[in-house]
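Curious how the labels people put on a structure are earned? Let's take a few of them one by one and check them against the numbers.

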2 protein chains.
Amino acid sequence: MSTINADPFDLDFDVASSALVFIDFQRDFVLPGGFGEELGNDTSLLLKAIPPAKDVLAKAREVGMHVLHTREGHRPDLSDCPPAKLTRGGNTFIGTDGPMGRILVRGSKGHDIVEDVYPIDGEPIIDKLGKGAFYQTDLHQILFDWGIKTLFFGGVTTEVCVQTSMREANDRGYECVVLSDCTQSYFPEFYRVTLEMIKAQGAIVGWVADSKTFIKAVD
Amino acid sequence: MSTINADPFDLDFDVASSALVFIDFQRDFVLPGGFGEELGNDTSLLLKAIPPAKDVLAKAREVGMHVLHTREGHRPDLSDCPPAKLTRGGNTFIGTDGPMGRILVRGSKGHDIVEDVYPIDGEPIIDKLGKGAFYQTDLHQILFDWGIKTLFFGGVTTEVCVQTSMREANDRGYECVVLSDCTQSYFPEFYRVTLEMIKAQGAIVGWVADSKTFIKAVD
């Protein structure tokens, strides 16, 4: 049994029944020259999460913790993209040609994960059609098969896909920890308040720790 | 077709393919003398949402819009309560005796909905075990059977069960509108920033309107 020094209180966990889940570290969201930047966002904010995430990933691999990665995107024919998502407020981005290929379409360069935290063999990639990593995916089944109880989250963006996935995981009965320096948002206030909301009311959604406390806890 | 004046842009909808979803207007969360207050929360903040919610509910009934209500709670034997939820940070509240009966247990007085917005015949009650109204419930199936495209949300609390349910609904392809004066939180900053996060990035989770614009739009 290990213990991580987290907010609002310490959490006991076993490496063997834990998984590291990296949410949507996709080129289009994170890299300069991608779709996120084209929409006017400052991707340098998101890039800050990569070095700590890389350290955490290396440590998880070293100690043999399970690792999974998610990507948001759709089939090339967009048949799995709800009309309410495809066109919103009169705007249609998904499936159109972006700076790194068709936007949010599986197989395009922008849809794939950045090199620094790229999955290796044995680390499933969960392709999801929404913000949450559990809806219409096999994530819950994989975690059940592995006997997972505790999830450590990193990824982007904090208030969109990371918190949505954490809320899904919390309802499903996982103990969830977000690593604060391994996640980022285009909007600093959303980043800060999302972390506050997660740990409020006695960890109503989950715990908040960071890369250093994670590495210390599993060592 | 109707149009509601909403943020970040107007939204077209049909009353016939819309539903009003009231989240967890339960005595234990909303009323003085309930479990929420016992935990040190100021329930007067939540009570502010009741009069506008009552007006919206009356209007929805008048125009024949579908209405649903949710409650968070568990079976009396707690067999549907994940261990990670039952005891968190060493504290166990669920199932113990609270000021209005066993806390978060179906059938207790505190678990039921406040009188002012109490369901009537034809308005399904969705009993959910988590924060989200879709996980392990028949809500999605009911909405599909009714041909629903648009959801209007009220209820408590904004950043916990309301936003979790909206995020689930958004991923499932519904156009979601939260009525800002029909929802409230114990934490004013969480209330404010959650509404900001919902409508950011071109309504990435959904739209924000209020009771007056709802009533005007459906009239």
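## Labels and the reasons behind them

T157(A) lies in the loop that runs between β10 (150-156) and α7 of chain A. The model is a predicted one, so keep that in mind as we go.

Q: What makes T157(A) worth a stop: what kind of peptide bond joins V156(A) and T157(A)?
A: A cis one, with omega at about -15°.

Q: Which residues does the other cis peptide bond of omega about 0° join, and where is P8(B)?
A: That bond joins D7(B) and P8(B). P8(B) sits in the loop between β1 (2-4) and β2 (11-13) of chain B.

Q: What makes D24(A) stand out in its loop?
A: Its phi is positive, about 55°, although D24(A) is not a glycine. The loop in question connects β3 (18-23) and α1 (27-30) of chain A.

Q: Why are α7(A) and α8(A) called roughly parallel?
A: Helix α7 (residues 158-171) and helix α8 (residues 188-203), both of chain A, pack at an angle of about 15°. Angles under 35 degrees count as roughly parallel, so α7(A) is roughly parallel to α8(A). Their axes are 10 Å apart, and α7(A) passes α8(A) in a right-handed crossing.

Q: How do you know which residues of α7(A) and α8(A) meet?
A: Contact means heavy atoms within 4.5 Å. On the α7(A) side, T158(A), E159(A), Q163(A), M166(A) and R167(A) take part, and they meet F190(A), Y191(A), T194(A), L195(A), M197(A) and I198(A) in α8(A). Sorted by class, the residues of this contact are six nonpolar, three polar and two charged.

Q: Why are α7(A) and α7(B) called roughly perpendicular?
A: These helices pack at about 105°, with axes 10 Å apart. The range for roughly perpendicular is 65 to 115 degrees, so α7(A) and α7(B) get that label. The contact is made by E159, V160, Q163, T164, R167 and D171 of α7(A) and by E159, V160, Q163, T164, R167 and D171 of α7(B). Those residues divide into two nonpolar, four polar and six charged.

Q: Why are α8(A) and α8(B) called oblique?
A: The axes of α8(A) and helix α8 (residues 188-203) of chain B cross at roughly 125° and come within 10 Å. Roughly perpendicular covers 65 to 115 degrees and roughly antiparallel needs over 145, so α8(A) and α8(B) end up as oblique. In this crossing, α8(A) passes α8(B) in a left-handed way. Among the residues making the contact are F190(A), V193(A) and M197(A) of α8(A) and F190(B), V193(B) and M197(B) of α8(B). By class the contact has eight nonpolar, two polar and six charged residues.

Q: How do you know how many cavities of 30 Å³ or more there are?
A: A search of the whole structure finds one. About 40 Å³ of space lies in the largest cavity.

Q: What makes a residue part of the lining of the largest cavity, and which residues are they?
A: A lining residue has an atom within 4 Å of a cavity point. The residues that line the largest cavity are T164(A), R167(A), E168(A), T164(B), R167(B), E168(B) and D171(B). α7 of chain A and α7 (158-171) of chain B each supply at least two residues of that lining, and α7(B) gives the most, with four.

Q: What makes up the lining of the largest cavity by class?
A: Asp, Glu, Lys and Arg count as charged, and the lining has five charged residues. Another two are polar, and there is no nonpolar residue in the lining.

Methods: Residues numbered from 1 in each chain as written. Chains lettered and ligands numbered in written order. Predicted model: local features only at pLDDT ≥ 70, side-chain atom pairs only at ≥ 80, totals over all residues. Heavy atoms only, no water. Axes fitted to C-alpha atoms, helices over the stretch in contact; angles between N-to-C directions. Left-handed = near helix turned anticlockwise from the far one by under 90°. 1 Å grid on protein atoms, 1.4 Å probe; cavity = no way out; pocket = protein on both sides within 12 Å on 5 of 7 lines; lining within 4 Å. Points joined across faces, edges and corners; volume = space filled by probe spheres on them.
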